[in-house]
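Here are a few exercises to work through with the model open beside you. Try each task before you read its solution.

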Amino acid sequence: MKHYEVEILDAKTKDKLCFLDKVEPNATIGEIKSMFHKSPNEAVLFDMFKGKSLKDEDVLQHLPVGTTATFYFRDLGAQISWVTVFLTEYAGPLLIYLMFYFRVPFIYAPKYDFTTSKHWVVHLACMCHSFHYVKRLLETLFVHRFSHGTMPLRNIFKNCTYYWGFAAWMAYYINHPLYTPPTYGEQQIRLALTVFLFCQIGNFSIHIALRNLRPPGSKTRKIPYPTKNPFTWIFLLVSCPNYTYELGSWLGFTLMTQCLPVAFFTLVGFIQMTVWAKGKHRSYLKEFRDYPTLRSPILPFIL
């Protein structure tokens with residue numbers, strides 16, 4: 001059995017960092033990381049192999065290299081787990097919104113401390129907002145399977161600023177003592193609630209379908225297809241229906257509250273989700289030759 005020689009260079013300086021002799025041909029990139037770094041973690045990445053990052057599960061003998069393989073090393077810096085980031089960024093809006101809902105002191109005028117709104121839509125909005133983020137927290141703990149274990153530490157500050165800031169801005173106006181209900185009253189609110197709940201169920205259904213595509217502990221990627229659940233049939237038309245349903249939920253919440261900060265949050269979220277959906281759509285097309293060409297990234301036939 002032939003063995004490989006592996007040299008590891010710094011991606012920036014091209015300085016030689018390590019030379020490994022007699023590496024087994026069935027060694028994975030993850031195992032080579034362990035040989036190079038005694039305490040391997042997600043802060044270490046072998047990068048720029050012919051301009052492409054290498055996955056931990058890639059096997060040395062299956063890569064187009066000679067008996068001497070050259071890899072480049074890039075330090076990703078301090079990392080934090082996706083689960084920690086998600087739990088933090090979702091728990092914040094839940095608690096912040098409730099602070100405004102219960103009108104804790106120093107938010108509104110002292111005479112309104114711990115008072116409640118006279119408008120039933122305010123209470124309904126609080127239940128919907130709370131339900132949304134409790135759902136996200138539970139999905140993070142029990143549904144999602146992450147292909148990457150960690151992300152850069154700086155992301156938690158960026159993500160929390162976004163979610164927490166918007167939650168405070170929305171909650172301030174929706175729970176304000178001078179808040180006025182939607183223009184078309186009960187009919188508008190009931191329609192909005194229907195849209196919101198429909199899309200929340202749809203979003204959850206897509207997350208379950210995506211979870212079932214990936215066995216526990218696996219990073220396997222497959223083409224998602226509709227299941228017997230009618231909420232997943234939208235896979236026929238879009239690549240990322242979880243974002244489609246998420247957009248629908250916030251459109252429903254915007255209609256329910258008729259609040260400008262909510263509309264702005266929905267718009268910003270739509271722009272960001274479109275970027276993510278387009279990226280994933282391109283990835284599907286590149287990875288799977290038989291990927292359905294009828295699908296759009298996020299909005300059927302449009303976007």
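**Exercise 1.** Does E246 count as buried, partly exposed or exposed, that is, which of these labels fits its relative accessibility? Work on from there to its salt bridge with R136. Keep in mind that this is a predicted model.

*Solution.* Start with the cut-off: buried means under 20% relative accessible area. E246 comes out at 6%, so it counts as buried. Now the partner: R136 has 11% relative accessibility and is therefore buried too. The two side chains meet in a salt bridge, 2.2 Å from N to O. As for location, E246 sits in helix α6 and R136 in helix α3, so this pair ties together parts that lie 110 residues apart in sequence.

**Exercise 2.** Find the salt bridge between K135 and E139 and work out how far apart the two residues are along helix α3.

*Solution.* The closest N and O atoms of K135 and E139 are 3.1 Å apart. Along helix α3 the two residues are 4 apart, which means about one helical turn between them. That fits the general rule: with 3.6 residues a turn, residues three or four places apart in an α-helix point the same way. Check the burial next: K135 has a relative accessibility of 8% and counts as buried, and E139, at 3%, is buried as well.

**Exercise 3.** Say which parts of the chain the salt bridge between E287 and R221 ties together.

*Solution.* First the distance: the closest N and O atoms of E287 and R221 are 2.7 Å apart. E287 belongs to helix α7 and R221 to the loop between α5 and α6, so the bridge links parts 66 residues apart in sequence. On accessibility, E287 is partly exposed at 37%, and R221, at 28%, is partly exposed too.

**Exercise 4.** Describe the aromatic pair made by W250 and F253.

*Solution.* The structure holds 26 aromatic pairs. In this one, the ring centres of W250 and F253 are 5.5 Å apart and the planes make an angle of 85°, so with edge-to-face starting over 60 degrees, the label is edge-to-face. Both residues lie in helix α6, 3 residues apart, or about one helical turn. W250 is buried at 7% relative accessibility, and F253 is buried at 1%.

**Exercise 5.** Compare the expected span of helix α5 with the distance between its end C-alpha atoms.

*Solution.* Helix α5 runs over residues 185-213, 29 residues in total, and at 1.5 Å a residue it should span 42 Å. The end C-alpha atoms are 43 Å apart, which agrees. Its buried residues include F196, C199 and H207, and among the elements covering the buried residues of α5 are α3 and α6.

Conventions
Residues are numbered from 1 along each chain as its sequence is written. This is a predicted model: local features need pLDDT of at least 70, side-chain atom pairs count only at pLDDT 80 or more; totals for chains, interfaces and linings use all residues. Side-chain values use heavy atoms; hydrogens and water are left out. Rings of Phe, Tyr and Trp (its six-membered ring) pair if their centres lie within 6.5 Å; planes under 30 degrees apart count as stacked, over 60 as edge-to-face and the rest as tilted. Buried means under 20% relative accessible area, exposed over 50%, partly exposed in between (1.4 Å probe, protein chains only). The expected span of a helix is 1.5 Å times one less than its number of residues. Contact means heavy atoms within 4.5 Å. A salt bridge is a side-chain nitrogen of Lys or Arg within 4 Å of a carboxyl oxygen of Asp or Glu.
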